[in-house]
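The following dialogue introduces a learner to the reading of a protein model, one feature at a time.

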Protein chains: 2
Amino acid sequence: MSSEPAPAPAPASASTEEIEADLSTATISKKQLKKDARKAEKAGKASQRQQQQQPQAEEADPFAANYGDVPVEEIQSKVISGRTWTDIGDLDEAAAGRSVLIRGSAQTLRPVSKKMAFVVLRQSMSTVQCVLVASADAGVSTQMVRFATSLSKESIVDVEGVVTLPKEPLKATTQQVEIQVRKVYCINRAIPTLPINLEDAARSEAEFEKAEQNGEKLVRVLQDTRLNYRAIDLRTPANQAIFRIQCHVENKFREFLFSENFIGIHSPKLIGGSSEGGASVFKLEYNGQPACLAQSPQLYKQMSICGGFGRVFEVGPVFRAEKSNTHRHLCEFIGLDAEMEIKEHYFEVCDIIDGLFVAIFKHLNENCQKELETINRQYPFEPLKYLEKTLKLTYEEGIKMLKEAGTEIEPMGDLNTEAEKKLGRLVKEKYGTEFFILYQYPLAVRPFYTMPCYDDPAYSNSFDVFIRGEY
Amino acid sequence: MSSEPAPAPAPASASTEEIEADLSTATISKKQLKKDARKAEKAGKASQRQQQQQPQAEEADPFAANYGDVPVEEIQSKVISGRTWTDIGDLDEAAAGRSVLIRGSAQTLRPVSKKMAFVVLRQSMSTVQCVLVASADAGVSTQMVRFATSLSKESIVDVEGVVTLPKEPLKATTQQVEIQVRKVYCINRAIPTLPINLEDAARSEAEFEKAEQNGEKLVRVLQDTRLNYRAIDLRTPANQAIFRIQCHVENKFREFLFSENFIGIHSPKLIGGSSEGGASVFKLEYNGQPACLAQSPQLYKQMSICGGFGRVFEVGPVFRAEKSNTHRHLCEFIGLDAEMEIKEHYFEVCDIIDGLFVAIFKHLNENCQKELETINRQYPFEPLKYLEKTLKLTYEEGIKMLKEAGTEIEPMGDLNTEAEKKLGRLVKEKYGTEFFILYQYPLAVRPFYTMPCYDDPAYSNSFDVFIRGEY
């Protein structure tokens with residue numbers, strides 16, 4: 001348990017970005033760290049001076065206390081005020097008329113006039129429009145309006161205000177309410193120009209195409225930039241949603257299997273030999289002895305079954321030193337693995353895996369609508385088609401479907417990616433599902449520990465689960 | 001998702017043990033595998049011959065169908081009979097009079113006479129006594145009694161029988177019912193002599209001492225043997241319980257934090273530089289470039305916070321190439337990590353961590369009584385003392401307590417293990433708790449990213465959680 005608290009949120013500060021950039025390329029040199037620290041210190045002092053000067057410049061403003069940059073001493077674990085911050089995602093029509101305090105990243109800063117401005121604040125997948133209108137009654141001065149619009153994008157901002165309902169539906173924000181701003185404080189200013197503009201990073205292909213048709217040229221954030229500034233790219237609504245869905249998948253995976261008497265284990269990743277006999281293994285030195293990174297928890301799961309656990313699952317990293325550069329090959333990925341003892345037939349496993357997938361699909365549909373819609377906006381997709389009772393086909397039946405559709409195929413060989421995708425399309429056309437199980441593979445194409453079929457040793461007790469033509 | 005089903009359970013078969021032994025030493029050579037396969041095939045054929053001969057030898061037995069070795073073809077995913085196996089752990093007094101089918105490992109085989117025998121079957125942490133009494137009414141012959149007692153320990157056995165209540169409480173089994181055996185089949189015979197006798201492996205120190213006082217010498221299973229035959233050692237009730245509790249801790253950790261709006265993440269383990277600047281890092285080659293195994297998810301967690309996730313947790317392996325050989329140093333362990341954005345004070349984190357631990361303690365007490373008792377039988381312990389409202393002490397208060405108790409200590413230095421343990425004892429005496437939080441450590445003893453206290457930069461916004469004198 002690491003118990004150091006996070007520093008006060010400073011996601012867009014210069015020093016944070018530099019640490020990130022260093023991480024993504026090579027080791028962090030101590031020299032560089034010291035340099036960064038000195039730079040950060042200087043920046044801090046400069047900003048303090050600026051704040052100390054500010055009150056003089058704004059002396060004429062009777063509402064000066066209602067806005068400003070919060071000095072670092074104030075946000076540094078000094079007071080426990082008892083105030084509560086409302087989550088932006090919780091701001092709905094029921095909150096109308098209530099006074100709220102919110103904290104978010106300044107996504108859009110839109111001055112309308114000297115006396116009016118809009119600031120859109122974002123918190124994870126949710127955005128809300130904050131309205132500033134200079135008015136003595138509200139305690140809002142023109143200086144305050146100027147302060148708000150002078151903030152840099154992605155600065156962390158506290159807003160106090162009253163929730164109101166807009167006259168027309170808001171297109172630019174997720175929340176269908178507005179905040180009439182009474183106070184606005186900047187907790188942490190982002191540098192004026194960030195390497196990624198979030199609006200650029202969050203656009204769908206359709207938006208690019210539409211702009212192009214109108215003769216506009218929108219900025220595309222390329223993969224390199226996204227990865228070099230991952231902490232900023234992660235802030236796009238789609239990325240926020242993808243990570244949440246990943247967590248939901250893992251939660252449901254664990255919950256379903258635990259309810260079926262599986263036990264979660266963690267098998268070693270530093271091991272004395274390769275897991276599956278392949279050449280694609282990362283090698284390292286372990287106290288002067290050769291060691292490998294586990295390519296699979298397979299044998300450890302089986303040892304757990306021999307060890308009397310009956311049913312086990314594991315969620316953890318898998319390492320494969322494969323040079324293949326396809327979306328199905330990753331040097332490091334998180335495996336969701338399960339293994340169980342069977343009483344008399346391997347269909348017992350098949351049924352568990354089947355039930356597990358269907359439970360996950362249902363869980364996501366029931367609990368992650370907001371996340372799915374958010375992803376859909378940037379990366380449009382159709383909802384997955386699956387049956388309540390999952391389709392199971394033998395390998396032979398699959399081969400037959402492919403042959404009838406004109407694919408030349410070796411009946412006892414492995415399916416290549418193209419054949420698998422085609423089978424996926426054929427199954428979808430014929431059975432109306434994108435999720436099915438193919439079983440009884442030829443023994444020759446499965447790993448050494450696979451059991452042959454009792455009545456035909458050319459086939460094996462094995463299966464793969466296909467989603468959208470890929471297993 | 002790996003979808004190969006487990007082979008029919010064969011935990012104690014010769015070939016399984018050999019695979020395990022290979023794993024624990026070096027890579028599995030293909031030659032050895034082929035040799036093993038040939039050996040296993042031979043053994044299989046021999047046992048088939050034996051079974052084919054058996055019916056002739058036992059021809060005189062009208063109840064021959066009620067017992068025997070199940071040939072491998074029968075257990076190899078041939079039929080789906082629809083039979084259900086009752087879990088041994090579910091056999092209680094409510095089951096009395098019912099006919100049940102159970103599958104377990106033969107833990108004890110105790111012939112009483114030609115006509116009577118006891119067989120104790122074990123499934124995970126649970127054991128039940130099966131009683132064989134030769135009787136024509138029950139369909140049990142003396143040959144069947146002989147067959148049952150001729151089984152090797154740890155063989156996998158199916159028993160059909162009627163649940164009865166014993167006259168006196170049973171000391172040797174966890175379940176307080178007996179099974180009057182009607183049918184007994186061996187699914188998989190263990191080799192006659194296993195490297196570990198489970199009864200030896202499961203004994204407590206108290207049992208060894210008692211035996212020694214009586215002039216008996218019991219066999220001790222040493223650590224090397226346990227690790228070389230891990231799949232057998234895992235079968236001890238205490239190990240079964242420990243792994244289950246580990247899983248419960250992880251479940252509750254995730255559930256609690258998820259309910260507090262944390263998102264589970266998985267940060268990279270193969271990274272371009274060391275995580276915490278230390279020398280104790282495993283180095284390897286990644287496509288011709290130097291890489292390291294992550295020593296901590298710390299910076300990645302912080303990047304997630306900068307990335308707008310607000311609150312994240314991670315459960316995953318942590319790698320540290322430390323040579324220190326203490327129970328607090330491991331080259332590979334599973335870290336339970338959490339990181340969160342704070343609104344105004346690091347006590348917000350402190351409160352979450354505090355609530356998390358107390359929730360886990362309560363969860364284990366409420367859901368794992370059987371597991372805790374099982375561990376207690378082999379490794380006696382006192383229940384953990386903790387308060388509903390967790391004690392928080394400043395580092396300064398901790399130092400003061402130690403000084404008053406006569407410990408010489410550097411007030412701004414780090415606590416060594418001995419001092420920490422002593423503080424744990426002092427706190428337990430004074431406050432009646434073994435769980436407390438020590439906060440506001442000297443800045444100098446914390447990592448570079450720790451925030452100094454706003455009013456005294458010699459101290460820092462940091463804390464550690466102590467359980468039984470160790471953090």
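Q: Is B:E74 buried, partly exposed or exposed?

A: The model is a predicted one. Burial is judged from the relative accessible area: under 20% is buried, and over 50% is exposed. B:E74 has a relative accessible area of 38%, so this residue is partly exposed. Its salt-bridge partner may be read in the same way: the side chains of B:E74 and B:K78 meet with N and O 3.3 Å apart. B:K78 is partly exposed because its relative accessible area is 32%.

Q: How many salt bridges does the structure hold over all chains?

A: Over all chains there are 46 salt bridges. One of them joins A:E154 and A:R122, whose closest N and O atoms lie 2.9 Å apart. This pair links distant parts of the chain, for the two residues are 32 apart. A:E154 belongs to the loop between α3 (142-149) and β5 (156-164) of chain A, while A:R122 belongs to strand β3 (residues 116-123). Both A:E154 and A:R122 are buried.

Q: Which residues are linked with A:R122 in a network of salt bridges?

A: The network consists of A:R122, A:E154 and A:R235. A:R122 also has a polar partner, since its side chain and that of A:Q107 are joined by a polar contact of 3.0 Å.

Q: Where is A:Q107 found, and what is in contact with this residue?

A: A:Q107 is part of strand β2 (residues 99-113) of chain A. With neighbours within four places in sequence left aside, the contacts of A:Q107 are A:V120, A:R122, A:T127, A:K153 and A:E154. Two of these names, A:R122 and A:E154, have already appeared as salt-bridge partners. A:Q107 counts as buried because its relative accessible area is 16%, and the cut-off is under 20%.

Q: How far apart in space are A:Q107 and A:N188?

A: Separation in sequence and separation in space are read as two values. A:Q107 and A:N188 are 81 residues apart in sequence, and their C-alpha atoms are 14 Å apart. In chain B, the C-alpha atoms of B:Q143 and B:G316 are separated by 53 Å, with their positions 173 residues apart along the chain. B:Q143 is placed in helix α3 (residues 142-149) of chain B, and its relative accessible area of 18% means that B:Q143 is buried.

Q: How many helices and strands are there in chain A, and what share of its residues is buried?

A: Chain A contains 13 helices and 15 strands. Of its 471 residues, 51% are buried. The exposed surface of chain A amounts to about 22900 Å², and carbon and sulfur atoms supply 51% of that area. When contacts between residues at least 6 apart in sequence are considered, 65% of those in chain A join residues at least 24 apart.

Q: What rotation superposes chain A on chain B?

A: Two copies of a chain are related by a rotation about an axis and a shift along it. Here the rotation is 180° and the shift along the axis is 0.0 Å, with an RMSD of 0.1 Å. The two copies are therefore related as by a two-fold rotation axis. The same surface serves both copies, as 99% of the contact residues of chain A recur in chain B. Among the residues of chain A, A:L284 comes closest to the axis, its C-alpha lying at 2.5 Å.

Q: How many residues does the contact take from each chain, and what area is buried?

A: The contact takes 111 residues from chain A and 111 residues from chain B. Between them the chains bury about 9800 Å², of which 62% is on carbon and sulfur atoms.

Q: How many salt bridges and polar pairs lie across the interface of chain A and chain B?

A: The interface has four salt bridges and 30 residue pairs in polar contact. Helix α8 (residues 237-259) of chain A provides 11 residues, the largest share of the side of chain A that touches chain B. One salt bridge joins the side chains of B:E250 and A:R254 at 2.7 Å, N to O. Another joins B:R254 and A:E250 at 2.8 Å. This second pair joins two chains because B:R254 lies in helix α8 of chain B and A:E250 in helix α8 of chain A. B:R254 counts as buried at 5% relative accessibility, and A:E250 is buried with a relative accessible area of 5%.

Notes:
Residues numbered from 1 in each chain as written. Chains lettered and ligands numbered in written order. Predicted model: local features only at pLDDT ≥ 70, side-chain atom pairs only at ≥ 80, totals over all residues. Heavy atoms only, no water. Helix = DSSP H or I, 4+ residues; strand = E, 2+ residues; numbered from the N terminus. Buried < 20%, exposed > 50% of the residue type's maximum accessible area, 1.4 Å probe, protein only. Contact = heavy atoms within 4.5 Å. Areas by Shrake-Rupley, 256 points an atom, 1.4 Å probe, with all protein chains shown as cover. Least-squares fit on C-alpha atoms with pLDDT ≥ 70 in both. Buried area = accessible area lost by both parts, 1.4 Å probe. Polar contact = N/O pair within 3.5 Å; in protein donor to acceptor, adjacent residues only side chain to side chain.
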